[in-house]
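Got the viewer open? Here's a short walk through one model, selection by selection.

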Amino acid sequence: MSNISRADSLVILDFETTGLSPNMGDRAIEIGAVRLVNGEITERFQELMNPGQRVSAFIEDYTGISNDMLVEADSCEVVMARFADFMGDDNLIAHNASFDKRFLDSELERIGRYYNGEFSCSLLLSRRIFQDAHSHKLGELVRFANIESSGGFHRALYDSEMTAKVWMKMLEDIGERYGVFDIPFELIKKLAKAPKKDIDKLLLSYAG
DNA sequence: TGCCAGGCCCTCTTTAGGGCCTT
């Protein structure tokens, strides 16, 4: 898989986990991802994985993923090896990417796998592009952008698909408002880090 | 013993604090 450094060929991923911090012993329990090419979802990946520890009642309730389901799943090591093959060196997107990147790095390090893609964050971008949204939680952004939803949040594939749709809505919005339709990943990364006051200037510099 | 994330972002800021977002 070649590294295509453009915003129109991406892997959008989402982890469900035992908790918030791999540094505190938390592990992944599900990975979901879609590959987005030219604005279309071309591939999907979703697997549960057995973290080797019981998950809390909170996580069972929050995700709908039970300990019984995880006992039947392949180990994190086996599943993450398959996921590493899936994502290749594509650039990556996640909602609140700092969270998913910590788990991706932690789980891949355990199996000696690495990736060459770059990460960007739909949460950071939405705070700049959808500044009128009263919340930037994934579910709230789906409503804000009038994206059709069955409400199945907190499962990895569903959340990655919703993140992909929010992502495409933001790119559409940039096209409509600024006339910028061909957005390199380098610009995405700049946008996600730029002060809000600089967003107009940055995008207008790419227009025309 | 008791506690336990971490990065971003705003503001009553910068010698800091607290809310937002992810599970």
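**Stop one: a loop glycine**

Start by selecting Gly179, which sits in the loop between α7 and α8. Bear in mind as you go that this is a predicted model. Color by accessibility and Gly179 comes out as partly exposed, because its relative accessibility is 38%. Now add Ala133 and draw a distance between the two C-alpha atoms: Gly179 and Ala133 are 46 residues apart along the chain, and the gap is 22 Å.

**Stop two: helix α5**

Next, select residues 122-129, which is helix α5. How many of the residues of α5 are buried? The count is 6 of 8, so this helix is mostly covered. The buried ones to highlight are Ser122, Leu123, Leu125, Ser126, Arg128 and Ile129.

What covers them? Show the surroundings and you'll find, among the covering elements, the strands β4 (91-94) and β5 (119-121). Helices do it too, including α6 (138-144), α7 (156-178), α8 and α9 (199-204).

**Stop three: α5 against α8**

Keep α5 on screen and add α8, residues 185-193. The two axes come within 8 Å and cross at roughly 70 degrees, which means α5 is roughly perpendicular to α8. The crossing is left-handed. To see the contact itself, pick Leu124, Leu125 and Arg128 on the α5 side, then Ile188, Leu191, Ala192 and Lys193 on the α8 side. Sorted by class, that contact has 5 nonpolar and 2 charged residues, with no polar ones.

**Stop four: α5 against α7**

Hide α8 and bring in α7. Here the helices pack at an angle of about 35 degrees, with axes 11 Å apart, and this crossing is left-handed. From α5, select Ser122, Leu125, Ser126 and Ile129. From α7, the partners are Thr163, Trp167, Met170, Asp173, Ile174 and Arg177. The class split for this contact is 5 nonpolar, 3 polar and 2 charged.

If you're looking at the spacing of those picks, here's some background: an α-helix has 3.6 residues a turn, so residues three or four places apart point the same way.

**Last stop: the cysteines**

Finally, select Cys76 and Cys121. Are they buried or exposed? Cys76 counts as buried because its relative accessibility is 1%, and Cys121 counts as buried at 6%. Don't go hunting for disulfides, though: the structure holds 0 of them.

How values were computed: Residues are numbered from 1 along each chain as its sequence is written. Chains are lettered from A and ligands numbered from 1 in the order in which they are written. This is a predicted model: local features need pLDDT of at least 70, side-chain atom pairs count only at pLDDT 80 or more; totals for chains, interfaces and linings use all residues. Side-chain values use heavy atoms; hydrogens and water are left out. A disulfide is a pair of cysteine sulfur atoms within 2.5 Å. Buried means under 20% relative accessible area, exposed over 50%, partly exposed in between (1.4 Å probe, protein chains only). Axes are lines fitted to C-alpha atoms, for helices over the stretch in contact, and angles run from 0 to 180 degrees between N-to-C directions. Helices (H or I, at least four residues) and strands (E, at least two) are DSSP runs, numbered from the N terminus. Angles under 35 degrees count as roughly parallel, over 145 as roughly antiparallel, 65 to 115 as roughly perpendicular and the rest as oblique. A crossing is left-handed if the near helix is turned anticlockwise from the far one by less than a right angle, and right-handed if clockwise. Contact means heavy atoms within 4.5 Å. Ala, Val, Leu, Ile, Met, Phe, Trp, Tyr, Cys and Pro count as nonpolar, Asp, Glu, Lys and Arg as charged, and the others, Gly among them, as polar.
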